[in-house]
Amino acid sequence: MPNSMDETLQAVRTAFARLARENTGLTDIDQQIMGAFERLMLGRPEITDGRTSAVNIAAEAGVSRASYYRSPVAAVIKGILSSPEARRPESDELRQEVARLKQSERELRREKGAEIRELRATVTAYANQIQILTLRNAELEADAHQLRAQLAEDQHGVVKQLRKSPTSAGSRSAQS
């Protein structure tokens with residue numbers, strides 16, 4: 001299992017040599033494609049951004065994509081790139097890491113957004129509860145003030161009911 005770029009390049013050259021032995025009629029286009037692929041694998045592109053894609057290989061070789069796909073070299077390159085042992089150029093590895101980090105960032109942003117929405121809903125619920133409790137507290141303070149006023153009028157400890165409870169009002173109407 002190649003673990004360095006030199007071993008990967010050796011594997012590429014071996015695969016190309018095997019292809020040349022099996023296909024004696026390789027054209028100049030095939031040779032250009034092999035050279036372009038090696039340049040990309042070495043991280044020395046002349047024309048493209050250095051990614052090892054079919055478009056870049058064809059551009060580096062100076063051939064059309066159709067010519068690239070018709071070439072027997074394309075199948076060998078596809079096999080090399082799909083091999084888990086093949087080490088890609090550092091720029092490709094960095095691009096993959098950037099893509100992985102961007103995906104991770106998207107997931108974190110999505111999670112953060114969901115958490116913020118949940119927290120806002122909680123704050124709204126608490127604000128509503130605080131408002132209800134504040135109104136109830138004001139009502140109880142008013143009742144306490146009225147009861148103190150009744151006691152202050154010196155009615156010998158007699159306190160009148162401030163409000164009619166819904167149950168007592170219903171029972172009186174039933175008695176009538």
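Arg-39, Glu-46 and Glu-60 are joined in a network of salt bridges. The model is predicted. Side chains of opposite charge can pair when their charged atoms come close.

Start with Arg-39 and Glu-60. Their closest N and O atoms are 3.5 Å apart. Arg-39 sits in helix H2 (residues 28-42) and Glu-60 in helix H3 (residues 54-61), so this salt bridge ties together parts that are 21 residues apart in sequence. Glu-60 is buried, because its relative accessibility of 5% falls under the 20% cut-off. Arg-39 is partly exposed, at 22%.

Now turn to the other partner of Arg-39 in this network. Glu-46 also forms a salt bridge with Arg-39, and here the closest N and O atoms are 3.6 Å apart. Glu-46 has a relative accessibility of 62%, so it counts as exposed. Arg-39 therefore pairs with a buried glutamate, Glu-60, and with an exposed one, Glu-46.

Next, look at helix H6, which spans residues 90-152. Here Glu-139 forms a salt bridge with Arg-136, with the closest N and O atoms 2.6 Å apart. The two residues are 3 residues apart in helix H6, so about one helical turn separates them. Glu-139 is partly exposed, with a relative accessible area of 33%. Arg-136 is partly exposed too, at 41%. The structure holds 6 salt bridges in total, including those described above.

Finally, consider charges without such partners. Glu-107, Glu-111, Glu-115 and Glu-118 form a negative surface patch. Glu-111 lies in helix H6. Patch residues have no salt bridge by definition, so Glu-111 is not paired in that way.

Definitions and conventions
Residues numbered from 1 in each chain as written. Predicted model: local features only at pLDDT ≥ 70, side-chain atom pairs only at ≥ 80, totals over all residues. Heavy atoms only, no water. Patch = residues over 30% accessible without salt bridge, like charges linked within 9 Å, V, L, I, M, F, W, Y side chains within 5 Å. Areas by Shrake-Rupley, 256 points an atom, 1.4 Å probe, with all protein chains shown as cover. Salt bridge = Lys/Arg side-chain N within 4 Å of Asp/Glu carboxyl O. Lys, Arg positive; Asp, Glu negative; His and termini not counted. Charge placed at Lys NZ, Arg CZ, Asp CG, Glu CD. Helix = DSSP H or I, 4+ residues; strand = E, 2+ residues; numbered from the N terminus. Buried < 20%, exposed > 50% of the residue type's maximum accessible area, 1.4 Å probe, protein only.
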